[in-house]
Amino acid sequence: MVTGVIKNKIDKIWTDIWAGGITNPLTVIEQLTYFMFIRSLDEKELENEVFENMAHQKVDKIFPQSEIGQSMRWSKFKEKDARDIFDIISQRVFPAIKKMKYGQLPDFNEKEELIEIPDNELKKESGKTAFSKYMEGATFLIPTPQVVQKIITGLDDLYEQDIAGLDMQGDLYEYMLGKLATAGQNGQFRTPKHIREMMVKLLEPTPEDYIVDPACGTAGFLVSASDYIREKYESTMTEEQWEHFISTMFTGFDTDNTMLRISAMNLMLHSITNPEILYKDSVSKQNQISGKYTICLANPPFKGTVDAESINDDLKSITNTKKTELLFLALFIRLLKIGGRCACIVPDGVLFGSSNAHKSIRKELVENHKLQAVISMPSGVFKPYAGVSTAVLLFTKTGAGGTDYVWFYDMKADGFTLDDKRSETLENDIPDIIERFHSLEKETDRKRTEQSFFVPKEEIVENGYDLSINKYKKVEYVPVEYPSTSEIIAEIKELQKKISEGIEELEGML
């Protein structure tokens with residue numbers, strides 16, 4: 001849990017970077033990412049050295065054993081003069097991590113020229129982590145030695161005084177990502193952590209799953225899924241499952257290299273060292289992946305459109321449109337294996353839109369796959385940076401139908417106020433949603449006036465595959481009995497009498 005003291009220290013580091021002239025929150029996070037990564041490399045090296053001394057067993061080192069190589073370690077340079085620290089990081093450490101291979105940093109020659117690590121056929125598959133792959137285009141932007149020193153001092157104080165011995169790297173990163181409070185040009189924005197966790201708990205991923213988010217952004221859904229798996233299965237996972245966990249289990253696509261760097265680092269801070277984080281335009285002809293994953297978790301961009309010529313033809317065959325929210329739904333279906341499950345966020349317009357494209361994607365889900373649930377969320381969930389009304393769709397890819405009934409839930413509260421402040425409150429439907437979804441057999445007798453209920457497929461078909469909850473929810477009107485007109489007049493006269501008596505009493509006191 002990130003406490004007030006920790007938040008204040010992160011905010012102080014953030015302000016120092018801001019004062020140095022870097023005001024874009026995404027750039028601030030990216031630059032802080034590099035420092036957190038540099039420090040984590042030295043922490044890992046210290047662990048390697050302790051293990052080597054205790055086990056008397058050689059371990060591959062991260063840092064070169066030369067004088068220059070050792071000077072790149074956080075513990076070696078953090079006490080130096082600000083100008084020396086700036087030079088070491090900008091001229092040695094940063095160029096080295098951009099060329100990192102096989103978990104090792106390259107060395108420098110006597111002229112301080114970088115000596116690249118040669119390719120190793122035995123290690124070729126693990127040569128580049130997702131982070132180092134996208135670091136190739138990275139730029140070190142901290143402008144002055146003074147700002148660098150403030151970051152070093154601030155992070156060191158935080159790690160050594162406040163979170164020493166605690167597994168809080170991911171929490172720190174989550175707090176920083178929370179500062180990304182603006183949507184991108186194509187309508188993408190960060191999904192609140194508690195909503196992601198709800199969707200993960202609804203799907204209940206296992207160590208055997210292959211999980212994808214084709215609009216991954218900062219990899220929030222993949223992180224939430226990894227946290228769930230570690231919490232539930234960590235003590236029982238086999239060596240093969242751990243290898244799958246750190247490499248092939250998690251896949252994310254994005255078209256922004258900065259986002260790819262941040263998402264790769266976010267996953268690395270959660271012990272996922274080599275995920276499949278790919279530069280890919282998900283709905284274009286460039287993406288030919290099909291039937292590969294068992295779970296899809298996503299919040300795709302809502303308001304974007306794409307060039308009609310670039311859209312993959314098999315997506316257009318399901319929903320002939322340029323609207324990204326509809327194309328991504330078709331993509332989720334294609335990416336999943338038969339039996340694969342999806343939990344995704346869609347804007348309300350997807351549920352009731354009257355165009356042929358809207359109707360065709362809803363028909364595809366209802367007729368050709370198993371649509372299980374529609375969870376309507378209040379419009380304040382994405383405030384302060386968006387007020388759009390949304391819903392969570394849950395479905396299983398079958399290719400042969402299977403929708404008999406669809407479960408609807410009207411979420412009224414998510415544990416936070418629905419205004420721009422989003423303060424914590426006691427009202428929270430999320431625990432109830434999770435409990436009811438995993439006990440749907442108990443929902444069959446629920447009435448349409450209640451917060452959750454079933455709707456048969458036949459009724460949905462009759463309504464043009466409309467999936468908006470208001471189409472099926474019934475409001476129970478309780479008649480209100482008012483007093484007669486004569487009684488109301490009598491009450492008014494009695495009040496007037498009391499007012500007059502009060503005024504006379506005040507006049508008598510003067």
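User: How many disulfides turn up when the whole structure is searched?
Analyst: The search finds zero disulfides, a disulfide being a pair of cysteine sulfur atoms within 2.5 Å. Before we go on, please note that this is a predicted model, in which local features need pLDDT of at least 70 and side-chain atom pairs count only at pLDDT 80 or more, while totals for chains, interfaces and linings use all residues. Residues are numbered from 1 along each chain as its sequence is written, and side-chain values use heavy atoms, with hydrogens and water left out.

User: Why does Cys344 not count as half of a disulfide with Cys342?
Analyst: The two sulfurs are 4.0 Å apart, which is too far for a bond, although Cys342 holds the closest cysteine sulfur to that of Cys344. For Cys216, the closest cysteine sulfur is in Cys296 at 12 Å, so that pair is too far for a bond as well.

User: Are Cys216 and Cys344 buried or exposed?
Analyst: Buried means under 20% relative accessible area, exposed means over 50%, and partly exposed lies in between (1.4 Å probe, protein chains only). Cys216 has 5%, so it is buried. Cys344 has 0%, so it is buried too.

User: Why is strand S9 described as largely enclosed by the rest of the structure?
Analyst: Helices (H or I, at least four residues) and strands (E, at least two) are DSSP runs, numbered from the N terminus. S9 covers residues 390–396, and seven of its seven residues are buried, so the strand is largely enclosed. Thr390, Val392, Leu394 and Thr396 point one way, Ala391, Leu393 and Phe395 point the other way, and all are buried. That fits a broader pattern: in a regular strand the side chains alternate between the two faces of the sheet.

User: What makes S7 and S9 a strand pair?
Analyst: Two strands pair if DSSP finds at least two bridges between them. Strand S7 (residues 336–347) is joined to S9 by seven bridges, and the two run antiparallel. On its other side in the strand order, S9 pairs with strand S8 (residues 370–377), again antiparallel and over seven bridges. Thr390 of S9 is the bridge partner of Pro347, and Thr390 is also the bridge partner of Met377.

User: Which strands pair with S6?
Analyst: Strand S3 (residues 211–213) pairs with S6 in the parallel sense over two bridges, and S6 pairs with S7, also parallel, over five bridges. Cys296 of S6 is the bridge partner of Val212, and the bridge partner of Cys296 in S7 is Cys342. Six of the six residues of S6 (residues 293–298) are buried, so this strand too is largely enclosed by the rest of the structure.

User: Why do S5 and S13 count as edge strands of the open sheet?
Analyst: Nine strands form this sheet in the order S5-S4-S3-S6-S7-S9-S8-S10-S13, with mixed pairing. Strand S5 (276–279) and S13 each have a single partner strand, so one side of each is left without a neighbour in the sheet. From one strand to the next, the twist averages 15°.

User: Why are helices H2 and H5 called roughly perpendicular?
Analyst: The axes of H2 (residues 25–55) and H5 (residues 82–98) come within 11 Å and cross at roughly 80°. Axes are lines fitted to C-alpha atoms, for helices over the stretch in contact, and angles run from 0 to 180 degrees between N-to-C directions. Under 35 degrees counts as roughly parallel, over 145 as roughly antiparallel, 65 to 115 as roughly perpendicular and the rest as oblique. The crossing angle therefore makes H2 and H5 roughly perpendicular to each other.

User: Which residues make that contact between H2 and H5?
Analyst: With contact meaning heavy atoms within 4.5 Å, H2 brings Tyr34, Phe35, Phe37, Ile38 and Leu41, and H5 brings Ile89, Val93, Phe94 and Ile97.

User: What is special about phi in His56 and Ala219?
Analyst: Phi is near 50° in His56 and near 70° in Ala219, a positive value in a residue other than glycine in both cases. Most residues other than glycine have a negative phi. His56 lies in the loop between H2 and helix H3 (67–71), and with a relative accessible area of 71% it is exposed. Ala219 lies in the loop between S3 and helix H10 (220–233), and at 0% it is buried.
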